[in-house]
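Biologist: Could you take me through this model, pair by pair and contact by contact, with the cut-offs stated as we go?

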Amino acid sequence: MVVNNQMKGLKTFISDLRNLKEKDEEKRVNIELAKIRAKFQSSTLSAYDRKKYVSKLLYIYMLGYPISFGHLEAVKLLTAAKYSEKQIGYLAVALLLNENHDLIRLVINSIKKDLLSLDSYKNSIALHAVANFGGREMCETVYPEVQQLLMSAATENIVRQKAALSLLHIYRKFPDIMDPDLREPIIMLLDDDDLNVSLAVSTFVLLIVCREPSLHNLVCKKAIHKLKLIVSGRGYSSDYVYYSVPCPWLQVNLCRILLACHKEVIDDSTKRTLIHVLDRMLSIFDDIKETQHLNAINAILFEAIKLAFAIDDSGSLYQKCMNCLGKMIADKEANVRYLAFDTTAYLISCGHHIPSLKTHKELILSSLRYKDVSLRKKSLELLYMMCDAENSKSVVDDLLMYLPYLDSVSQEDLISKVASLTEIYADDYKWYVDVNLQLLRVAGRSVNDDVWHQFVRVIVNNESTQQYSVRRLFKLLQSDSTHECLVRSGCYLLGEYGYLIADEPESGPLQQFLTVYKKLHASSTRTKVLLLTVLLKLSNLQPDLQKRVASVFKQYSVSLNTEIQQRACEYLQLLSLPSDFLSIVCEKVPVFTIPAKSQPSSFISKSDVSLTDSLNSVKEFDISSSLSGFYRLCWRDKGILYRDSQVQVGAVMEFHDSQGYLSLYFENRQKETFSSFSATLLRTFPNFQVDASFTDSIFSPDKQLQQRFSIDRLDGLFDPPILRISFLAGVMRSVNLLLPVVLSKFMLPTVFDGSTFFQRWGKMGLEREAQLTYGLNGVHSKLDERRLVKIILGLNWGLCPGIDMNPTNIVGAGILQVNAQNIGCLLRLEPNYQKNMIRLSIRSTNTTVANVLATNMQDILKNSFHSEA
Amino acid sequence: MIYAIFIFNNKGKPRLTKFYTPIEESDQQRLLGEIYHSVSNRTAASCNFLESSLIAGKNRIIYRQYATLYFVFVVDEAESELGILDLIQVFVEALDRCFNNVCELDLVFKFQEIHAILAEIVSGGLVLETNLNEIVAACKNQMPKTKRPGGLNFGNTLSSFATRF
């Protein structure tokens, strides 16, 4: 047939190889390769011999041995006169050469010649080569010929099919080569009488539809027309009937094309036609016994169902689809069931509701225990897709029930699915924590790192869960056989939040220490390293433990593992430093900013920045040391913001309307020079920026460093900026400063007479009022009228005396310019000097502004009456 | 599209490998090994599909077993699974007609012809022709008619298994 039978040498060679043992095969192959190489070097090689030896090379190549020569001989065969020789040449070139090979230019020339030939076999074989391995250069060179062969009426159908696929290869890989005007004629070819030209073109159209939405309308009409013809049993020859089904491949492709452009099916008559066609397609599902026939029918059915849902998911087709799907899900044949699961999961992912699925839940669950890994995977996917807020808990319960019986690969899959389900559907944190702990406990071996990392992240970011999860984990850690994932996540959280349960029975600091210590010995290096850090954190929060912890570090400081040794030594050193340094190192982990995998649910909400949050509740940064200076400077324009034994930071401010300046002066209070001094904004807001800054990082005692900030326009509400200063004074030191830039700085004091004030007060109404009643911070604080008035004036309120009936009450007004808009603000403050209480009411034309002003003022007043002040 | 087609026997010996997407030579044999491993371990009751990430990211392995031979197609999302199963059937039936009761030895000794027949069915990774008569005619017309070589004892033909599915 294809190859001349006379290639006896090849047959002998193959027989030889077959009779040899595995280990002798390579020897024989090498002998043969040497022989062929020698033959190729001789100048008198006949075309027949060349074919024979190249064939041998191909066989050797297929067995998996690399072929490093003979490429030129293969290319020479391309131009051979005999078809069988040419054929071997093309086969060899396709297998041995890639598109960047040196010889590819020669190949391209041969292909071009064959495309121009009048012999359809030569055309075919060349087109085949283009479709299989055409690189850019080849595609550019042969494009005109390929296009010519496809469009010309003189071309035989079998060549046109091949030309269509070659052109598709060009359009797929290098869309710029193809003339855009050619797309419409190609779509027209969908109608071709020859079903296989139509089939080849349908693959092409599928790609056009993905790339060119503008052509959807045309494609849609053509595809419906063709599908209707086929389904109604017309327009094809009996040759194209595959086991009683007319060309199932074309039907499948047409359905896929229509699915891609179904949004174009808008006018009623087209829609009716399509529904009618689909109805017929869905009705052929009968008792068919013959496997091939059933296969072909099902191939079409699955596509028809997807399309029917897309076109019309509530109408007459719906029930039919449901029946089909139901039957297929329950089908005993693994292929059908697999595809039914796949299709159903796809439909759910498209947003279709499939209520009858509930009746099959047991069946889908039981598929989790099949031997067939593909089917298990699909059923898990489907269960995952089926989950909604309503049934999430029961599905998760079911999945957990199956967990212990699965192999490790499926377990891993199931665990990550369950973990993400709990995160999506958690409405109470106990459920979330319980389920995740169960995963870690039952199948710790199969839990991958992502799962426990995400669990820790969620716990850290949600304060309400911390105590509960630490308590649960601590209990689980008491068991001797815990998997490392559980040890890691449990101990990590114990290090962070162990103090939350330190007062509970049998979970005091000592027990916590012992629990971690016990796990230390039996753990892997990775875990050990983590546990050492946990011990450091424990000793920071519970100073009583320091001696014990230090002895553990000592023990590990001679570990043979360098990573463990280094940590132990470093931590040991840390313990000997002043305790406030340790507390800086062991600061609580900040909230993770890594986005949660999926949209969090009710309890896992971002720490809600409500306006009643006080100023100093900046969770990410510790700013406590600068707060007293901050409060004072909120109502003063000049003063000391921060001072300790080493540095002092002074501030001078100036604000008018919505502009302002802030200058900071840094002074070194020690006698020695600090190095690496830097000051950077950790938090800022739009338009607030550094104007000018010191350039020298050397901070000598006689020098004052300056930094100037400006804000050129206030265009919204903001949080006070945070500046971090750091320097080397023997050890690295850093302080976070909250800068006294608050909303009231921008206020313009105003004075109203009684009637104007009350008129505006009444107009703003209760709904725009922020009222807070509170006492002072600190036992020794004493509310004092003179200071109170001074602060209120400092906060830029214009006092309106004598308006209030009660003379002790203080009334004031001001105007804020935000985003070029004037916002009026009114204040009424009722102090109770005996009880040290204040009731504060602020009304404003903007409710949010009223809230911000009130909470700021509350913080400032609460903290400004210490007896020593 | 179809990324690759393999035919190998139940011991993992390749009888045909064809790639429609460029794959490094060194990876080709590794791929074959991995596919053989995952396919040959499956029971007869399992479905004929496997998800994998062996070629070009996510793809699917669709296979059928006939007698001692596995026919394996690695395809992307755009192919219908059952459509490919049907195509494998067409391929086997075409081989059967061309070789008159095809068996593994035909594939061994006439591997070039197998490639030629495949070229009539799949081109550039896409389905070209599905009509058996056309395929067989195209193959037979291309070259002079040949006779079956005598002397080899062919048994265990694929066609007797072709109806199993």
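Biologist: Which residue stands opposite Gln65(B) in E5(B)?

Modeller: This is a predicted model, in which local features need pLDDT of at least 70, side-chain atom pairs count only at pLDDT 80 or more, and totals for chains, interfaces and linings use all residues. Side-chain values use heavy atoms, with hydrogens and water left out, while residues are numbered from 1 along each chain as its sequence is written, and chains are lettered from A and ligands numbered from 1 in the order in which they are written. Strand E4 (residues 59–66) of chain B is joined by 7 bridges to the antiparallel strand E5 (residues 69–75) of chain B, where strands are DSSP runs (E, at least two residues) numbered from the N terminus and two of them pair if DSSP finds at least two bridges between them. Opposite Gln65(B), in E5(B), stands Tyr70(B).

Biologist: In what order do the 5 strands of the open sheet in chain B lie?

Modeller: The edge strands of chain B are strand E2 (14–19) and strand E3 (49–52), each of which pairs on one side only. The pairing is antiparallel, and the order of the open sheet in chain B is E2-E1-E5-E4-E3.

Biologist: How much area is buried between chain B and chain A?

Modeller: The contact (heavy atoms within 4.5 Å) takes 69 residues from chain A and 68 residues from chain B. Of the area that chain B buries against chain A, Leu82(B), Phe109(B) and Phe111(B) supply 11%, more than any other three residues. Buried area is the accessible area (1.4 Å probe) that two parts lose on being put together, summed over both. Carbon and sulfur atoms give 55% of the total between chain B and chain A, which is about 6000 Å².

Biologist: Which residue of chain A forms a salt bridge with Glu51(B)?

Modeller: A salt bridge requires a side-chain nitrogen of Lys or Arg within 4 Å of a carboxyl oxygen of Asp or Glu, and the count between chain B and chain A is 5. For Glu51(B), the closest N and O atoms are 2.4 Å apart, and the partner is Lys378(A).

Biologist: Away from that interface, which residues is Lys862(A) in contact with, leaving aside neighbours within four places in sequence?

Modeller: Lys862(A) has its place in helix H34 (residues 847–862) of chain A, a helix being a DSSP run (H or I, at least four residues). From C-alpha to C-alpha, Lys862(A) and Met837(A) are 9.4 Å apart in space and 25 residues apart in sequence. With those neighbours left aside, the contacts of Lys862(A) are Tyr774(A), Gly775(A), Leu776(A) and Asn777(A).
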